[in-house]
Amino acid sequence: MYVHDVVMAGRPQPDAASCALLQGLRGEGAERDQALAELRDLLLKAARFEVRRRASAMPHLRGGDGEDLAQQSADDALMAILAKLDEFRGESRFTTWAYKFALLEAAVKLRRRAWQGREVPLKAEHWSQMAGRDFGPDLEAESGELMEAIQHAIDQDLTPHQREVLVALTLNGVPIDVLADRLATTRGALYKTLHDARRKLRKALAQQGLPIDTT
Amino acid sequence: MDDQRTDTTIKRILGPAGHEILCDECFDKLDTYVELELRGEAADERVPGMRAHLEGCPACHEEYESLRDLVDRPT
């Protein structure tokens with residue numbers, strides 16, 4: 001059952017289960033050991049949840065691979081949480097805060113597994129090849145004009161790094177964590193690059209008076 | 001390439017318009033956002049820029065959906 005937090009002074013107060021678990025984690029000896037085991041169980045539950053969600057789209061995830069991945073995700077999430085325990089602000093239930101670490105670890109590992117052994121297309125030529133296609137007679141002239149303008153802006157307005165990141169993430173379907181590994185950077189840094197590239201493209205298109213979504 | 005596919009491609013390339021938080025802030029506030037949403041409160045007002053980021057970042061969107069569904073399911 002979903003337990004609603006008690007809202008006092010506009011800010012939810014931690015529920016009883018969160019308080020008890022947090023107290024245990026900040027304690028010592030057997031009390032802390034018990035809290036750690038309880039937290040590890042919660043993280044494993046979340047990691048298994050994520051593995052089950054994605055497993056049907058990953059036929060190559062064989063036998064015990066999924067369980068191994070869930071166990072590893074729970075371990076890594078536990079380490080991350082213990083390192084950041086003081087950052088928990090009580091703005092959600094502690095379990096919700098903790099779950100997101102396990103889901104992140106599992107999701108990242110699953111994306112990496114899905115791309116294991118696959119070529120990561122980084123070259124902007126992929127975009128040129130795609131955009132250079134004949135879009136066909138059914139394509140609305142407006143869309144065709146916009147696509148051509150986007151291609152031009154990608155070629156002319158973006159830095160080589162911005163072009164590489166934008167093409168890989170938005171056109172070649174490379175997961176951001178996989179690309180981050182390949183380029184030895186972080187998801188956050190890559191998304192910032194993508195964000196800046198998108199802003200440049202929108203600005204270039206707006207300057208040409210082209211109809212772009214502004215909502 | 002038909003119009004619908006072209007529109008999807010254009011949206012994917014251009015991403016969301018307007019204010020958008022980035023991945024680190026998204027992860028930081030995801031638990032708060034999900035709980036606000038599940039309580040029927042004004043999540044988008046309380047965490048401005050989150051919805052736009054979830055539209056622009058497939059990885060964060062996947063993790064948002066997972067957290068929402070995990071927290072919302074009966075135990």
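# How two helical chains meet

In this predicted model, the axes of helix α4 of chain A, which covers residues 94–114, and of helix α2 of chain B come within 9 Å and cross at roughly 125°. Angles of 65 to 115 degrees count as roughly perpendicular and those over 145 as roughly antiparallel, and α4(A) and α2(B) are therefore oblique to each other. The crossing in which α4(A) passes α2(B) is right-handed. On the chain A side, the residues that make this contact are A:Thr96, A:Trp97, A:Lys100 and A:Leu104, and they meet B:Phe27, B:Leu30, B:Asp31, B:Val34 and B:Glu35 of α2(B). Sorted by the character of their side chains, the residues of this helix pair divide into five nonpolar, one polar and three charged.

That pair of helices belongs to a wider contact between the chains, to which chain B brings 34 residues and chain A brings 44 residues. On the side of chain B that touches chain A, three helices each supply at least two residues, namely α1 (3–14), α2 (23–38) and α5 (58–72). Which of the helices gives the most to this side of chain B? It is α2(B), the helix already met in the crossing with α4(A), and its share comes to nine residues. Taken together, the residues on the side of chain B that touches chain A divide into 17 nonpolar, five polar and 12 charged. For the complex, the predictor gives an ipTM of 0.93 and a pTM of 0.88.

We can now look at chain B by itself. Its secondary structure comes to five helices and zero strands, so that reading from the N terminus gives the order α-α-α-α-α. The C-alpha trace of chain B spans about 45 × 25 × 20 Å along its principal axes, and of the 75 residues in chain B, 41% are buried. If one takes the contacts in chain B with a separation of 6 or more, 68% of them are accounted for by residues 24 or more positions apart. The mean pLDDT of chain B is 93, and 95% of its residues reach 70 or more.

Chain A has nine helices and two strands, and along its sequence these elements follow the pattern β-β-α-α-α-α-α-α-α-α-α, with the strands ahead of the helices. Buried residues make up 34% of the 215 residues in chain A. Among the contacts in chain A between residues at least 6 apart in sequence, 69% join residues that are at least 24 apart. The average pLDDT of chain A is 86, and 84% of the residues score at least 70. Over residues 1–10, however, the pLDDT of chain A is below 50, although this stretch has 14 contacts in the model beyond near neighbours in sequence.

Helix α4(A), which takes part in the contact with chain B, also has a partner within its own chain. The axes of α3(A), which covers residues 65–84, and α4(A) come within 8 Å and cross at roughly 135°, and that makes α3(A) oblique to α4(A). This crossing, too, is right-handed. Among the residues of α3(A) that meet α4(A) are A:Leu69, A:Ala70, A:Ala77 and A:Ile81, while those of α4(A) include A:Ala98, A:Phe101, A:Ala102 and A:Leu110. In total, the residues of the contact of α3(A) with α4(A) divide into 11 nonpolar, two polar and four charged.

One residue of α4(A) that repays a separate look is A:Arg112. Is A:Arg112 buried, exposed or partly exposed? A residue is buried if 20 or more other C-beta atoms lie within 10 Å of its own and exposed if 12 or fewer do, and A:Arg112, with 15 C-beta neighbours inside 10 Å, therefore counts as partly exposed. Apart from its neighbours within four places in sequence, A:Arg112 is in contact with A:Asp177, A:Val178 and A:Asp181. A:Asp177 is 65 residues away from A:Arg112 along the chain, yet their C-alpha atoms are separated by 7.2 Å.

The last stop is A:Ala184, in the loop of chain A between α8 (176–182) and α9 (187–207). Most residues other than glycine have a negative phi. A:Ala184 is not a glycine, and it nevertheless has a positive phi of about 55°. Because A:Ala184 has 6 C-beta neighbours inside 10 Å, it counts as exposed.

Key:
Residues numbered from 1 in each chain as written. Chains lettered and ligands numbered in written order. Predicted model: local features only at pLDDT ≥ 70, side-chain atom pairs only at ≥ 80, totals over all residues. Contact = placed C-beta atoms within 7 Å. Helix = DSSP H or I, 4+ residues; strand = E, 2+ residues; numbered from the N terminus. Nonpolar A, V, L, I, M, F, W, Y, C, P; charged D, E, K, R; others polar. Axes fitted to C-alpha atoms, helices over the stretch in contact; angles between N-to-C directions. Parallel < 35°, antiparallel > 145°, perpendicular 65-115°, else oblique. Left-handed = near helix turned anticlockwise from the far one by under 90°. pLDDT = per-residue confidence, 0-100.
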